[in-house]
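Q: I'm new to this structure, so please pick one part where helices pack and space is left over, and walk me slowly through it.

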Amino acid sequence: MSIFNKIFLITGGARGLGKGFAQAVVQRGGKVILVDVLRDFGVTTEKELNEVYPGQSVFYEGDVTNELSMRKIWEDGEKRFSGPVKVLVNNAGIFHSGDWKKTVNINFVSLMEMTYLAMEKMSIKKNGDGGTIINIASAAGLTSAEVYESIPYFVSKSAVVSLTKSLASSNVLENEGVRVAVMCPTFADTEMVRGNHKVVEMVAKNKLGVMTVQRVVADFVKLFEDMHSDKVQNGAIMLQTSVAESQYIKLPKMNMSSKI
C-alpha cells in the first residue's frame with residue numbers, strides 16, 4: 001500500500017503549489033481536502049482532479065485566518081471521506097508588501113493555529129492516530145530581508161521554520177505520534193510570483209531563478225517519503241533552489257544554559 005494512501009488537508013490548495021501537491025497525492029492513491037479563499041479556482045481544481053481520480057478530492061472555500069471555520073472544514077472533510085486527516089500541508093501564503101499584518105496572519109498565525117489543531121486531532125495522547133505536518137515556508141525564512149517591503153514576508157517565513165524546529169526539538173512531539181517538517185523553496189513559477197512586481201524585482205535583483213511547480217512538487221514527494229522511511233529526523237528542513245538539488249540543512253543550536 002502506498003504511503004500516500006491517506007487523507008491530506010492542503011491549505012491554499014486551489015492553484016499553484018497547493019494544486020501541484022494535491023495532484024501528486026491523488027496520483028499516488030491519497031485523498032485531498034482542498035481549502036482556499038479562491039472559490040472559482042478551487043471548484044475547477046476539484047473538478048479536474050475528480051475527473052481523473054473520481055471521489056478523491058473535495059474543495060472547501062475557506063479562510064485560514066478563521067479558526068472556527070477551519071475546524072469545521074477539517075471535521076466535515078473527515079466525514080466526507082469517512083476517516084481522519086493524517087497529513088496537514090500548511091501551504092497557504094501571500095506576499096503583500098502593503099499590509100504586513102495580513103501577511104503575518106496568513107503566513108504564520110493561521111499556520112500555527114492549523115498546526116495546533118492538527119496536534120489536537122492527530123496526537124495519540126488525545127486518542128488520535130498520529131499523523132504528519134508539512135509546513136511550506138521559503139528560503140526567505142533562512143535569511144534576512146534586504147528590501148523594506150519584504151520584511152513581513154521574510155519574518156513570517158522565519159517564524160514557520162522556527163515553529164517547525166521548536167516542535168521537533170523541545171519534546172513537544174515526544175510520544176505524540178506526529179511528524180513535522182518544513183520546505184524552504186526559493187520562488188516558484190506560480191501566480192503569487194508572476195503577479196507581484198515586488199517579488200519579480202527581488203528575483204531579478206538576486207538572480208535567484210524561478211523553479212517550476214513540478215520541481216517543488218517532486219521534492220515534496222521526496223520529503224514525504226523520506227519522513228516515512230526515517231531517512232530524516234523529525235523537524236527536517238528541506239532547502240530548494242533553482243541552481244542545485246534539494247538538500248536537508250541543519251540550523252545551529254543555541255546553548256540556552258550558558259550565561260548571556
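A: First, a bit of vocabulary: a pocket is an open set of grid points with protein on both sides within 12 Å along at least five of seven lines, and its lining residues have an atom within 4 Å of a point. Keep in mind that this is a predicted model.

Let's begin with the second largest pocket, which holds about 630 Å³ of space. Its lining counts 21 residues, and the ones nearest the centre are Lys165, Gly235, Lys250, Leu251 and Lys253. Which element gives the most to that lining? That would be α5, with seven residues. Helix α5 spans 151–169, and it is joined by the strands β7 (236–240) and β8 (247–249), each of these elements supplying at least two lining residues. Sorted by class, the pocket's lining has 10 nonpolar, seven polar and four charged residues.

Now stay with α5 and look at its neighbour, α4. Two packed helices are described by the angle between their axes and the distance between the axes. For α4 and α5, the angle is about 15° and the axes are 8 Å apart. Angles under 35 degrees count as roughly parallel, so α4 is roughly parallel to α5. Their crossing is right-handed. On the α4 side, the contact is made by Trp100, Thr103, Val104, Asn107, Phe108, Leu111, Met112 and Thr115. Facing them from α5 are Pro152, Tyr153, Ser156, Lys157, Ala159, Val160, Leu163 and Leu167. This contact divides into 11 nonpolar residues, four polar and one charged.

Helix α4 has another partner too: α3, which covers residues 67–81. Here the axes come within 11 Å and cross at roughly 40°, and α3 and α4 are therefore oblique to each other. This crossing is right-handed as well. From α3, the residues Glu67, Met70, Arg71, Trp74 and Glu75 meet Glu113, Met114, Leu117, Ala118, Glu120, Lys121 and Met122 in α4. The classes here come out as six nonpolar, six charged and no polar.

What about enclosed space? Rolling a probe the size of a water molecule over the atoms shows where empty space is left. A search of the whole structure turns up one cavity of 30 Å³ or more, and about 50 Å³ of space lies in the largest cavity. Which residues line this cavity? They are Thr11, Val64, Asn90, Asn91, Ala92, Ile106, Ser110, Leu111 and Met114. Helix α4, residues 100–122, supplies the largest share of that lining, four residues. Two names should look familiar by now: Leu111 also takes part in the contact with α5, and Met114 is met by α3. The cavity's lining is made up of five nonpolar and four polar residues, with no charged ones.

To put it back together, α5 gives the most to the lining of the second largest pocket and lies roughly parallel to α4. In turn, α4 crosses α3 obliquely and gives the largest share of the lining of the largest cavity. When you turn the model around, α4 is a handy place to start: find residues 100–122, then look for α5 at 151–169 and α3 at 67–81.

How values were computed
Residues are numbered from 1 along each chain as its sequence is written. This is a predicted model: local features need pLDDT of at least 70, side-chain atom pairs count only at pLDDT 80 or more; totals for chains, interfaces and linings use all residues. Side-chain values use heavy atoms; hydrogens and water are left out. On a 1 Å grid over the protein atoms alone, a cavity is a set of points where a 1.4 Å probe fits but cannot get out, and a pocket is an open set with protein on both sides within 12 Å along at least five of seven lines; lining residues have an atom within 4 Å of a point. Grid points are joined across faces, edges and corners, and a volume is the space filled by probe spheres set on the points. Ala, Val, Leu, Ile, Met, Phe, Trp, Tyr, Cys and Pro count as nonpolar, Asp, Glu, Lys and Arg as charged, and the others, Gly among them, as polar. Axes are lines fitted to C-alpha atoms, for helices over the stretch in contact, and angles run from 0 to 180 degrees between N-to-C directions. Angles under 35 degrees count as roughly parallel, over 145 as roughly antiparallel, 65 to 115 as roughly perpendicular and the rest as oblique. A crossing is left-handed if the near helix is turned anticlockwise from the far one by less than a right angle, and right-handed if clockwise. Contact means heavy atoms within 4.5 Å.
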